[in-house]
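Trainee: Could we go through this structure together, one question at a time?
Mentor: Gladly! Have a look at the picture, and then ask away.

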Amino acid sequence: MLSGILVVLFLIPIADVTENKILVAQHPLLIVTNQTATLVCNYTYNGTGKEFRASLHKGTDSSVEVCFISWNVTKIRSNSTQEFNCQGDHDKDKVIFNLWNMNANQTDIYFCKIEVMYPPPYVYNEKSNGTVIHVKETPIQIQEPQSTIPLWILATVTGILALYSMLITAGFFNYWQKSKKRMYHQSDYMNMTPRHPPYKNKGYPSYAPTRDYTAYRSWQP
């Protein structure tokens with residue numbers, strides 16, 4: 001009896017423990033210098049799934065889903081969160097996530113997650129080692145505002161203003177020189193107006209100089 005049971009158990013095929021298992025491999029490090037990164041998730045799957053979903057997660061606890069892609073035999077759909085610019089693509093045994101306009105604050109470790117959505121059973125990969133994406137700061141180049149006025153117009157206007165300033169200066173200097181000469185001639189002019197006597201004598205005009213009669217008195221007898 002016991003030998004018959006053993007024979008029956010021996011004839012029953014043992015289930016393959018590796019069936020419906022997903023393995024994911026990622027590159028350990030990506031250096032981003034131009035704000036653009038391409039993360040490739042290579043995977044192996046030996047099951048019979050027909051509908052899949054692959055997603056990219058940020059952080060050691062994979063708490064932030066960056067973007068995802070789902071596909072079946074005929075259709076592919078991709079979407080990303082508002083904080084990231086991400087586009088997923090599926091190619092045979094790998095999923096490619098393209099990210100752009102990245103900044104230094106998005107430097108972190110990223111994990112790929114691949115799921116079999118249909119038919120049951122639901123299967124997803126074990127957590128891989130992830131990929132560290134290091135986004136380097138892009139130096140900000142400050143461009144000097146360019147003048148919309150042509151250079152020759154600026155040079156012409158500058159020359160005219162300089163000539164106008166020279167003419168004003170020359171005119172002012174000429175006026176100052178003439179004023180100085182006029183003041184000099186006025187200082188050399190003698191006032192010829194007759195002096196008035198201390199008292200008036202009849203018979204003499206008011207402008208005639210006063211005579212001194214003392215000399216005549218000394219000759220009288």
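**Strands and their partners**

Trainee: Which residue in S8 does Cys-86 stand opposite?
Mentor: Keep in mind that this is a predicted model. Strand S7 covers residues 85-91, and S7 pairs with strand S8, residues 94-100, in the antiparallel sense over 7 bridges. Across from Cys-86, the residue in S8 is Leu-99.

Trainee: In what order do the 4 strands of the open sheet come?
Mentor: The edge strands are a good place to begin: S1 (22-26) and S7 (85-91) each pair on one side only. The pairing in this sheet is antiparallel, and neighbouring strands are turned by 20° against each other on average, direction ignored. Reading across, the order is S1-S3-S8-S7.

Trainee: Which residue in S3 stands opposite Ala-25?
Mentor: Strand S3 spans residues 37-45, and 5 bridges join S3 to S1 in an antiparallel run. Opposite Ala-25, you will find Asn-42.

Trainee: Which residues form the covered face of S1?
Mentor: In a regular strand, side chains alternate between the two faces of the sheet. In S1, the uncovered face has Leu-23 and Ala-25. The covered face of S1 is made of Ile-22, Val-24 and Gln-26.

Trainee: How many residues does the hairpin between S5 and S6 run through?
Mentor: Strand S5 holds residues 64-71 and strand S6 residues 76-80, and they pair in the antiparallel sense over 5 bridges. One bridge partnership links Cys-67 with Ser-80 in S6. The hairpin joins S5 to S6 through 4 residues.

Trainee: Is Thr-74 buried or exposed?
Mentor: Thr-74 lies in the loop between S5 and S6. Its C-alpha atom is separated by 9.9 Å from that of Glu-51, 23 residues apart along the chain. The relative accessible area of Thr-74 is 74%, and the cut-off for the label is over 50%, so Thr-74 is exposed.

Trainee: Where in the chain is confidence lowest, and where is it highest?
Mentor: The chain averages a pLDDT of 79, and 71% of the residues score at least 70. Over residues 1-17 the pLDDT is below 50, and this stretch has 0 contacts in the model beyond near neighbours in sequence. Confidence is lowest in helix H1 (residues 2-11), at a mean of 42, and highest, at 97, in strand S11 (residues 131-135).

Terms used. Residues numbered from 1 in each chain as written. Predicted model: local features only at pLDDT ≥ 70, side-chain atom pairs only at ≥ 80, totals over all residues. Heavy atoms only, no water. Pairing = 2+ DSSP bridges. Helix = DSSP H or I, 4+ residues; strand = E, 2+ residues; numbered from the N terminus. Axes fitted to C-alpha atoms, helices over the stretch in contact; angles between N-to-C directions. pLDDT = per-residue confidence, 0-100. Contact = heavy atoms within 4.5 Å. Buried < 20%, exposed > 50% of the residue type's maximum accessible area, 1.4 Å probe, protein only.
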